[in-house]
Amino acid sequence: MRKGEILALKWKNIDNKYIHILESKSGNSRKIPNSGQLKELLYNIPKDNEYVFYNHQSKTKYTDIKRQFNTAIKNANIDNFRFHDLRHTAATRMVNNGIDLVVVKEILGHADIKTTMRYAHSLEETKIKAINILNSY
């Protein structure tokens, strides 16, 4: 999900199977399958506000988490990493595990598959595996 989609996420848009994005950057809605790990994580978050992530003092949704994210990155000793890099990482991992590019496009909410192709960086091992598949023919 995009950072803005995460920060605007409301409990009513999450069910047992999907996270429903009602309005994405492209203006379209989409649904993202809800993983087991995510379900467990969300289950443990108090549901005392309509937003999943909100400022506990003002009771309003977060508009940005730059400071908190930068602190987490610094504490993890990670250099040169932006929040948006998480989308690139997710796309790359999906593609390198055999997920069809069209499915990745739909999950990421891209209108054009060319955008998804920029996100999906293939690993050298995956390229070697792809060529080795041809040996069976």
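In the predicted model, Arg-82 has a relative accessibility of 52% and therefore counts as exposed, since the cut-off for that class is over 50%. Its side chain forms a salt bridge with Asp-85, in which the closest N and O atoms are 2.7 Å apart. Asp-85, by contrast, counts as buried because its relative accessibility is 12%, so that this salt bridge joins an exposed residue to a buried one. Side chains of opposite charge can pair when their charged atoms come close.

A search of the whole structure finds five salt bridges, and some of these share partners, with the result that Arg-2, Glu-5 and Arg-30 are joined into one network. Within this network, the side chains of Glu-5 and Arg-2 meet at a distance of 3.1 Å, taken from N to O, and both of these residues are buried. Glu-5 also forms a salt bridge with Arg-30, where the closest N and O atoms are 2.9 Å apart. This second pair links distant parts of the chain, given that Glu-5 belongs to helix H1 and Arg-30 to strand S2, 25 residues apart. Glu-5 counts as buried because its relative accessibility is 8%, and Arg-30 is likewise classed as buried, at 10%.

As regards the overall architecture, the secondary structure of the protein comes to seven helices and two strands, and from the N terminus on these elements run in the order α-β-β-α-α-α-α-α-α. The C-alpha atoms fill a box of roughly 60 × 35 × 30 Å, taken along the principal axes. Of the 137 residues in the protein, 26% are buried. The separation of particular residues can be illustrated by Ala-72 and Ile-133, which are 61 residues apart along the chain and whose C-alpha atoms are separated by 41 Å. Ala-72 is found in helix H3 and is partly exposed, with a relative accessible area of 42%.

Rolling a probe the size of a water molecule over the atoms shows where empty space is left. The largest pocket in the model has a volume of about 940 Å³ and is lined by 22 residues, of which Met-1, Ile-6, Ile-19, Ser-35 and Leu-38 lie nearest its centre. By class, this lining consists of 19 nonpolar, two polar and one charged residues. Several elements contribute to it, with helix H1 (3–7), strand S2 (30–33), helix H2 (36–43), helix H4 (85–96) and helix H5 (101–108) each supplying at least two residues.

On the surface, a nonpolar patch of about 520 Å² is made by Ile-131, Ile-133, Leu-134 and Tyr-137. Ile-131 lies in helix H7, which spans residues 124–133, and it counts as exposed because its relative accessibility is 54%.

Two residues with a backbone feature of note lie in loops. Lys-59, which is not a glycine, nevertheless has a positive phi of about 65°; this residue lies in the loop between H2 and helix H3 (66–75) and counts as partly exposed, at 48% relative accessibility. Asn-80, also not a glycine, has a positive phi of about 55° and is located in the loop between H3 and H4. With a relative accessible area of 78%, Asn-80 is exposed.

Methods:
Residues numbered from 1 in each chain as written. Predicted model: local features only at pLDDT ≥ 70, side-chain atom pairs only at ≥ 80, totals over all residues. Heavy atoms only, no water. 1 Å grid on protein atoms, 1.4 Å probe; cavity = no way out; pocket = protein on both sides within 12 Å on 5 of 7 lines; lining within 4 Å. Points joined across faces, edges and corners; volume = space filled by probe spheres on them. Helix = DSSP H or I, 4+ residues; strand = E, 2+ residues; numbered from the N terminus. Nonpolar A, V, L, I, M, F, W, Y, C, P; charged D, E, K, R; others polar. Patch = residues over 30% accessible without salt bridge, like charges linked within 9 Å, V, L, I, M, F, W, Y side chains within 5 Å. Areas by Shrake-Rupley, 256 points an atom, 1.4 Å probe, with all protein chains shown as cover. Salt bridge = Lys/Arg side-chain N within 4 Å of Asp/Glu carboxyl O. Buried < 20%, exposed > 50% of the residue type's maximum accessible area, 1.4 Å probe, protein only.
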